[in-house]
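Shall we learn to read a few structural features together? Here is the model to look at.

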Amino acid sequence: MRRPLRATLALWAALLATASAATERPSYALIIAHNGGMDRSQVPLRYADDDGARYHELLTPRVTEAVLLSVLDEETQVLHPGLAAKARPPTRAALEEALAGLNARMAEDRARGDRPVLYFVFTGHGKRGPAGEGAVSLLDGPFTRTELFEKVLAPSKASIVHLIVDACDSYYFVHSRGALPVGPAHPEAVKGLLATRELERYPQVGVVLSTSTEQESHEWSAIRSGIFSHLVRSALTGAADVNADGRVEYSELQAFVAAASQGAEDVRGKLAAFVRPPALDRSAPLADLGARASVGYLLVPTGIEGRLWVEDSRGVRVTEFNKEREKPLVAALPTGRGYFLRAVGREVAFRFERTGEVVDAGGLTWRETSLAARGAVEDALRERLFSVPFGSRFYRGYVASLALPPVAPEEGPDFSP
């Protein structure tokens with residue numbers, strides 16, 4: 001029997017408040033964002049610092065502690081007042097100090113029997129070195145793949161690590177394919193060195209990389225963000241939760257990114273992301289909407305379809321998706337500010353008055369609006385990104401070709417009126 005919509009909303013809110021209580025883990029986030037390159041051949045990025053600030057805003061309500069290493073430019077500081085005072089410069093010393101502090105916290109968690117989770121996020125420039133080893137750019141120089149394994153992954157006290165990298169050549173920051181030449185005199189020595197740094201030695205680590213090949217990452221000025229980071233954050237708000245269980249798993253995120261960029265064949269939005277869940281738990285969630293967090297929930301019910309996005313009162317686009325008509329969608333958003341749910345030519349305002357509140361978009365009153373043109377590339381991205389609806393139909397077809405475990409069949413409450 002179908003439940004009345006009001007009763008369904010109340011039930012769903014109660015489920016969110018209690019679903020993860022028994023399995024909730026202490027979580028931490030270390031976010032590094034740097035606009036500068038490693039040499040003069042790399043033009044400075046414009047929005048890596050914006051992406052770092054937005055990852056910080058997304059994750060802070062969901063984790064025990066979030067650390068941001070970034071120098072925010074003037075415009076970013078205006079959009080995120082007070083954040084610059086909390087951030088530290090993205091240097092090697094600051095990175096090592098932050099890791100030491102988080103590892104100490106996670107060691108205490110493990111001593112109490114908890115299983116802590118670490119988000120390690122980087123947005124900025126990446127590049128392969130002369131020997132082929134990948135690196136990302138910090139304020140005081142490159143941070144190499146070797147250092148990633150030796151200083152971040154090997155000593156980590158986290159039970160699960162979510163490694164998210166949005167950078168050119170990000171694949172080579174994690175993988176060793178083509179990393180080092182093997183000379184005839186020292187093949188075993190080189191092989192042994194690489195063996196200590198192979199991802200397979202760290203089954204607790206899952207990776208989300210903006211590139212699966214030697215490929216550039218791109219920014220979109222209309223939303224002041226890297227394209228890949230925008231898609232990842234949209235997925236983690238809940239837009240990728242295809243089976244409505246309140247969790248976003250790796251296969252859901254990968255399918256969501258593929259659907260969102262599938263129509264962008266001839267523009268800079270086409271992505272070739274690499275996503276791999278931790279071997280220790282291939283169903284580990286990247287996001288748990290049911291965890292205790294200072295968020296509200298936007299319900300986009302059955303019957304509403306098409307490309308939609310949410311902007312906050314600052315004009316920051318916090319999530320975007322192309323929704324199938326047949327299924328509801330729930331997005332978890334930070335409280336404390338007003339929002340606009342937008343589609344081409346129309347919008348509706350909403351806000352959360354308290355943590356855990358569910359706002360039903362189906363009961364809001366829309367009004368007509370107009371969108372300003374921004375140029376050929378901006379128009380192409382606006383028209384082709386998110387041109388493919390994401391939902392159960394796309395997900396089932398997509399994951400059938402992947403070596404990823406599909407999510408469990410949908411068992412959530414019935415959202416039908």
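What follows is a dialogue on sheets, rings and cavities.

Q: What should I keep in mind before I start?
A: This is a predicted model, where local features need pLDDT of at least 70, side-chain atom pairs count only at pLDDT 80 or more, and totals for chains, interfaces and linings use all residues. Residues are numbered from 1 along each chain as its sequence is written, and side-chain values use heavy atoms, with hydrogens and water left out.

Q: How do I read a sheet, and in which order do strands 4, 5 and 6 lie?
A: Strands of a sheet pair through backbone hydrogen bonds, either parallel or antiparallel. Here strands are DSSP runs (E, at least two residues), numbered from the N terminus, and two of them pair if DSSP finds at least two bridges between them. One open sheet of three strands has the order 4-5-6, with antiparallel pairing. Strand 4 (126–128) and strand 6 (141–144) are at the edges with a single partner strand each, so one side of each has no neighbour in the sheet. The twist averages 40° from one strand to the next, using axes that are lines fitted to C-alpha atoms and angles that run from 0 to 180 degrees between N-to-C directions. Four bridges link strand 5 (residues 134–138) to strand 6, and Leu138 is opposite Gly141 of strand 6.

Q: Which strands form the edges of the sheet 17-14-20?
A: This open sheet of three strands has mixed pairing. Its edge strands are strand 17 and strand 20 (358–360), each pairing on one side only. The twist averages 25° from one strand to the next. Strand 14 (residues 295–300) runs parallel to strand 20, joined by three bridges; Tyr297 has Val358 as its bridge partner there.

Q: How are aromatic rings read, and how many aromatic pairs are there?
A: A pair of aromatic rings is described by the distance of the centres and the angle of the planes. With rings of Phe, Tyr and Trp (its six-membered ring) pairing if their centres lie within 6.5 Å, the count is eight aromatic pairs. Phe256, Phe386, Phe390, Phe394 and Tyr398 make up one aromatic cluster.

Q: Which ring does the charged end of Arg346 sit over?
A: A charge sits over a ring if NZ of Lys or CZ of Arg is within 6 Å of the ring centre and within 35 degrees of the ring normal. Arg346 has its charged end over the ring of Trp366, 4.2 Å from the centre. Arg233 lies over the face of Tyr55, at 5.1 Å from the ring centre.

Q: Where else does Arg233 appear?
A: Arg233 is one of the residues lining the second largest cavity, as are Arg54 and Glu57.

Note on methods: On a 1 Å grid over the protein atoms alone, a cavity is a set of points where a 1.4 Å probe fits but cannot get out, and a pocket is an open set with protein on both sides within 12 Å along at least five of seven lines; lining residues have an atom within 4 Å of a point. Rings of Phe, Tyr and Trp (its six-membered ring) pair if their centres lie within 6.5 Å; planes under 30 degrees apart count as stacked, over 60 as edge-to-face and the rest as tilted.
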